[in-house]
Amino acid sequence: MCKEKLLLPEKPYKFMKSIRKATVEILKGQYRDSFQMNLFWYNYKDIAIYSFIMVLAIKSQFKDFILNIQKHYFENYLGKVVDKPLLSGNEIMRILNLKPSKEVGIIKEKLILAQLKGEVKTKEEAIQYVKNFCRR
């Protein structure tokens with residue numbers, strides 16, 4: 001018997017891959033604290049509902065967990081966590097007098113993680129964070 005692969009265009013393939021990744025992470029129980037839940041919503045807010053449906057289809061005992069992570073979104077994430085970068089790579093380079101480099105990407109990633117932890121909420125705090133990060 002001949003087995004054929006289902007070939008999807010790139011966009012639907014990436015969509016399904018991200019749903020699968022989020023579903024696996026939920027099933028592994030990776031989201032146990034506020035920061036981890038913020039990270040979940042940052043990474044998957046556009047596809048979370050599809051992952052929840054997949055989890056419920058796989059294991060009904062995850063219902064309480066899904067309700068908890070949804071509650072976290074509405075009570076602790078939405079409107080309280082700044083999930084869009086407060087500084088662009090160009091702004092970071094200008095502030096720190098850097099040229100384009102891997103270091104700029106690392107600093108930008110650390111900044112977004114600080115935002116998700118609730119440590120940085122304003123552009124001014126972001127500027128100070130970046131300056132302090134480079135002093136370390």
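Reader: Let's start with Gly118: is Gly118 buried, exposed or partly exposed?

Author: Happy to help, and please keep in mind that this is a predicted model. Gly118 sits in the loop that joins helix 6 to helix 7. Its relative accessibility is 33%, and a value between the 20% limit for buried and the 50% limit for exposed falls in the middle class. Gly118 therefore counts as partly exposed.

Reader: What is the phi of Gly118, just after helix 6?

Author: Gly118 belongs to the loop between helix 6 and helix 7. Coming just after helix 6, Gly118 takes a positive phi, of about 85 degrees.

Reader: How far apart in space are Gly118 and Leu78?

Author: Along the sequence, 40 residues separate Gly118 and Leu78. In space, C-alpha to C-alpha, the distance between Gly118 and Leu78 is 12 Å.

Reader: What span should the 15 residues of helix 6 have, and how far apart are its end C-alpha atoms?

Author: Helix 6 covers residues 102-116. At 1.5 Å a residue, counting one less than the number of residues, the expected span is 21 Å. The model agrees, because the end C-alpha atoms of helix 6 are 21 Å apart.

Reader: Which helices do the buried residues of helix 6 pack against?

Author: The buried residues of helix 6 are Val104, Ile107, Leu111, Ile112, Ala114, Gln115 and Leu116. Their packing partners are helix 2 (34-44), helix 4 (63-77), helix 5 (89-96) and helix 7 (123-135).

Reader: Are helix 6 and helix 7 parallel, perpendicular or oblique to each other?

Author: The axes of helix 6 and helix 7 come within 10 Å and cross at roughly 125 degrees. That angle lies outside the 65 to 115 range for roughly perpendicular and is not over 145, the limit for roughly antiparallel. Helix 6 and helix 7 are therefore oblique.

Reader: How many nonpolar, polar and charged residues make up the contact of helix 6 with helix 7?

Author: Helix 6 passes helix 7 in a right-handed crossing. On the helix 6 side, Ile107, Lys110, Leu111 and Ala114 take part, and they meet Ala126, Tyr129, Val130, Phe133 and Cys134 of helix 7. The tally is eight nonpolar, no polar and one charged.

Reader: Are helix 2 and helix 4 parallel or perpendicular to each other?

Author: The axes of helix 2 and helix 4 come within 10 Å, and they cross at roughly 90 degrees. This angle falls in the 65 to 115 range, so helix 2 and helix 4 are roughly perpendicular.

Reader: How many residues in the contact of helix 2 with helix 4 are nonpolar, polar and charged?

Author: Helix 2 brings Ser34, Met37, Asn38, Phe40, Trp41 and Tyr42 to this contact, while helix 4 brings Asn68, Ile69, Gln70, His72, Tyr73 and Tyr77. Sorted by class, they are seven nonpolar, five polar and no charged.

Reader: What is the handedness of the crossing where helix 1 passes helix 3?

Author: Helix 1 (residues 10-27) and helix 3 (residues 48-58) pack at about 55 degrees, with axes 9 Å apart. An angle between 35 and 65 degrees is neither roughly parallel nor roughly perpendicular, so this pair is oblique. The crossing of helix 1 past helix 3 is right-handed.

Reader: How many charged residues are in the contact of helix 1 with helix 3?

Author: From helix 1 come Phe15, Ile19, Ala22, Thr23, Ile26 and Leu27, and from helix 3 come Tyr50, Ser51, Phe52, Met54, Val55 and Ile58. These residues divide into ten nonpolar and two polar, and the number of charged ones is no charged at all.

Reader: Is Asn97 buried or exposed?

Author: Asn97 lies in the loop between helix 5 and helix 6. Its phi is near 55 degrees, a positive value in a residue other than glycine. Most residues other than glycine have a negative phi. At 71% relative accessibility, over the 50% limit, Asn97 counts as exposed.

Reader: Which residues is Val82 in contact with, leaving aside its neighbours within four places in sequence?

Author: Val82 is found in the loop between helix 4 and helix 5, and its 22% relative accessibility makes it partly exposed. With neighbours within four places in sequence left aside, the contacts of Val82 are Ile112, Gln115 and Lys121.

Terms used: Residues numbered from 1 in each chain as written. Predicted model: local features only at pLDDT ≥ 70, side-chain atom pairs only at ≥ 80, totals over all residues. Heavy atoms only, no water. Axes fitted to C-alpha atoms, helices over the stretch in contact; angles between N-to-C directions. Helix = DSSP H or I, 4+ residues; strand = E, 2+ residues; numbered from the N terminus. Left-handed = near helix turned anticlockwise from the far one by under 90°. Contact = heavy atoms within 4.5 Å. Nonpolar A, V, L, I, M, F, W, Y, C, P; charged D, E, K, R; others polar. Buried < 20%, exposed > 50% of the residue type's maximum accessible area, 1.4 Å probe, protein only.
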